[in-house]
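Me: I have the sequence and the model open side by side, and I would like a close look at a single part of it. Please pick one spot, start from there, and then show me how the rest of the chain is laid out around that theme.

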Amino acid sequence: MTIDLLVNPPTGVDAALPAERSAGHVVDFSVDTPIAAIASPPGGAARGIIRISGREVASFVDGLFEPVAADAWNAARTAAMHPGTIRFRGDTREVAVPVQALYWPNRRSYTGQPLIELHLPGSPCLIEAVLSEIYRRGVRPARPGEFTLRAFLAGKLDLIQAEAVLGVIDAQDQVELQTALSQLAGGVSGQLAELRGQLLELLADLEAGLDFIEEDIEFVSREEVARRLLGARAVVDALLQQTSDRMQSRVRKQVVLAGLPNAGKSTIFNRLAGLNLALVSPETGTTRDFLTRTINWNGLMFDLVDTAGWEEQTTGISAAAQQQRNEQLRRADLLVWCTAAGVTPADAALDDFLFEQASSGASASVRLLTKIDLGPEFITSSRGAADYYRLLPVSAVTGQGLAEFEEQLKQRLSQSHSRNSQWLGMTAARCRDTLESLSASLRHASDAAQQETAGDELIAVDLRQALDDLGVILGVVYTDDILDRVFSKFCIGK
């Protein structure tokens, strides 16, 4: 079956293909030029969305979209949803497809300009047919990230928030999504914007004093300048440390299994991974390397790592295994310490000491009492039962306690917030060099403020450089190559 759109031919608009689809034509990239793209994910769905943004967007769907209440559509002054239809001619009859048009007639839309979203049944064939007709009417296909670029240029978003939009799109788990949403909500931007405002006020006070230097009028004391600069440096240095941590962080959280040799770590690893990946043996020292398996629990993704048992005074291969274990522990987002039931009093004391040592450097930790399938008599043979109340009892053999352990694991990973949670990786990479320059400028200004021989004009020079750096980070000051690097990573329609 073939379908044809029943529409009125466009008037006053070149019906040819957009320039970028024809060889030898120059594409009009004016920010007001109407653009359109599919804004919903690819493939079939209950609903698909076509987004159109630019000047006089309503004229480009006139005759294509038939609103139920034409008077309300034509007189629209504020954003509203308008029900209507788009008609198709099939082989034997005409078909009316119900459509909802969300119309922003003013500049209070996402892009800061008139915008229409056509919400229609999510048939790929139908969506492509409607989009082709919109292009035929003179609307240009949107390029990757162009809707968000227009939002940025209209002042709806700063550059950090624009990058967070891409972070939301590309998020692979709840942790990444929450980081992106926090950045989009202005977590980092708010701190930097507030800092910029404070530095602008400080620069204004200094320059006012310079204007009246011959009258010996002081608008701000040197002590106050030094104090405000030290506060600004503390904020920037904290953000700089976060970017450093973020650039070294992994895409997924890392959960590390650790403990004394033969504590049941590999059995727990195999049970959680659902495969017999780790070699299991009653002999100590079986694990000489670390194993990693990516786990996905309904969208919560993390890397599970099995490490060698904790041994002291080792050499050769065993020493290398201990070094690898220590490296994994330093990178761990969650430490799972395995304590075998029935350990000797000497091993119990060593186990407690090593757990305290390992957990002191971990973001979070969970302590398991493993091998409880051995029986209560064996469990309490060397230590009182009260000693084990703070441990979570599990058996990888029978499965006892694993459901409780998995639930606790999910809660810890979902609730954990690392030091770098404010920054997306792409933002941290873009901003790090500029943050270092900003930190250096504030340090120079702070040092000058504490020297009686340094004039206010030297402090003002460093403050201007600091403000320029802040402008680059927030996108107040930008170049074409910066925008190209940021927005070229987007998918079309966003």
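Reply: Happy to. Let's start at Arg87, which counts as partly exposed because its relative accessibility is 29%, a value between the 20% limit for buried and the 50% limit for exposed. Please keep in mind that this is a predicted model.

Arg87 has a charged partner: it forms a salt bridge with Glu66, and the closest N and O atoms are 3.2 Å apart. Arg87 belongs to strand S5 (residues 80-89) and Glu66 to strand S4 (residues 66-67), so this pair ties together parts that are 21 residues apart in sequence. Glu66 is also partly exposed, with a relative accessible area of 33%. As a general rule, side chains of opposite charge can pair when their charged atoms come close.

Now follow the strand that carries Arg87. S5 runs antiparallel to strand S6 (residues 94-104), and ten bridges join the two. If you want a spot to find on screen, Thr85 stands opposite Pro98 in S6. S6 in turn pairs with strand S7 (residues 115-122), again in the antiparallel sense, over five bridges. Here Tyr103 has Ile116 in S7 as its bridge partner. In a regular strand, side chains alternate between the two faces of the sheet.

How does the Arg87 pair compare with other charged contacts? A search of the whole structure finds 13 salt bridges. One of them joins Glu133 and Arg137, at 3.0 Å from N to O, and both of these residues are buried. Another links Glu436 with Arg432, where the closest N and O atoms are 3.3 Å apart. That pair sits within helix H14, with the two positions four residues apart in numbering, about one turn of the helix. Residues three or four places apart in an α-helix point the same way, because there are 3.6 residues a turn. Glu436 itself counts as partly exposed, at 36% relative accessibility. There is also a salt-bridge network, made of Asp205, Glu224, Arg227 and Arg228.

Cysteines give a different result: the search for disulfides finds zero. Cys125 is exposed at 53% relative accessibility, while Cys338 is buried, with a relative accessible area of 0%.

From the charged pairs, let's turn to the nonpolar side chains. The largest nonpolar core has 32 residues, and those with the most contacts inside it include Leu192, Leu199, Val225 and Leu463. Helices H7 (187-211), H8 (222-248), H14 (425-449) and H15 (456-474) each supply at least two of its residues. H15 gives the most, with eight residues. Leu199 is a good residue to click on: leaving aside neighbours within four places in sequence, Leu199 is in contact with Ala232, Leu442, Leu463, Ala466, Leu467 and Leu470. A second, separate core of 26 residues includes Val57, Ala76, Ala101 and Ile127. In soluble globular proteins, nonpolar side chains tend to be buried together.

Helix H9 (residues 265-273) is worth a stop too, as it is mostly covered, with seven of its nine residues buried. Among those buried are Lys265, Ser266, Asn270 and also Phe269. Just after H9, Gly274 takes a positive phi of about 75 degrees. Ahead of the helix, Asn262 is found in the loop between strand S9 (253-259) and H9. Asn262 has a positive phi of about 65 degrees although it is not a glycine, and it is partly exposed, with a relative accessible area of 29%. Glu56 also has a positive phi, near 50 degrees. Glu56 sits in the loop between strand S3 (45-53) and helix H1 (57-61), where it is exposed at 60% relative accessible area. Most residues other than glycine have a negative phi.

Finally, the whole chain. It has 16 helices and 14 strands, and 46% of its 494 residues are buried. Of the contacts with a separation of 6 or more, 69% are between residues 24 or more positions apart. The chain exposes about 24,300 Å², and carbon and sulfur atoms supply 51% of that area.

How values were computed:
Residues numbered from 1 in each chain as written. Predicted model: local features only at pLDDT ≥ 70, side-chain atom pairs only at ≥ 80, totals over all residues. Heavy atoms only, no water. Core = buried A, V, L, I, M, F, W, Y, C linked by side-chain atoms within 4.5 Å. Buried < 20%, exposed > 50% of the residue type's maximum accessible area, 1.4 Å probe, protein only. Contact = heavy atoms within 4.5 Å. Salt bridge = Lys/Arg side-chain N within 4 Å of Asp/Glu carboxyl O. Disulfide = S-S within 2.5 Å. Areas by Shrake-Rupley, 256 points an atom, 1.4 Å probe, with all protein chains shown as cover. Pairing = 2+ DSSP bridges.
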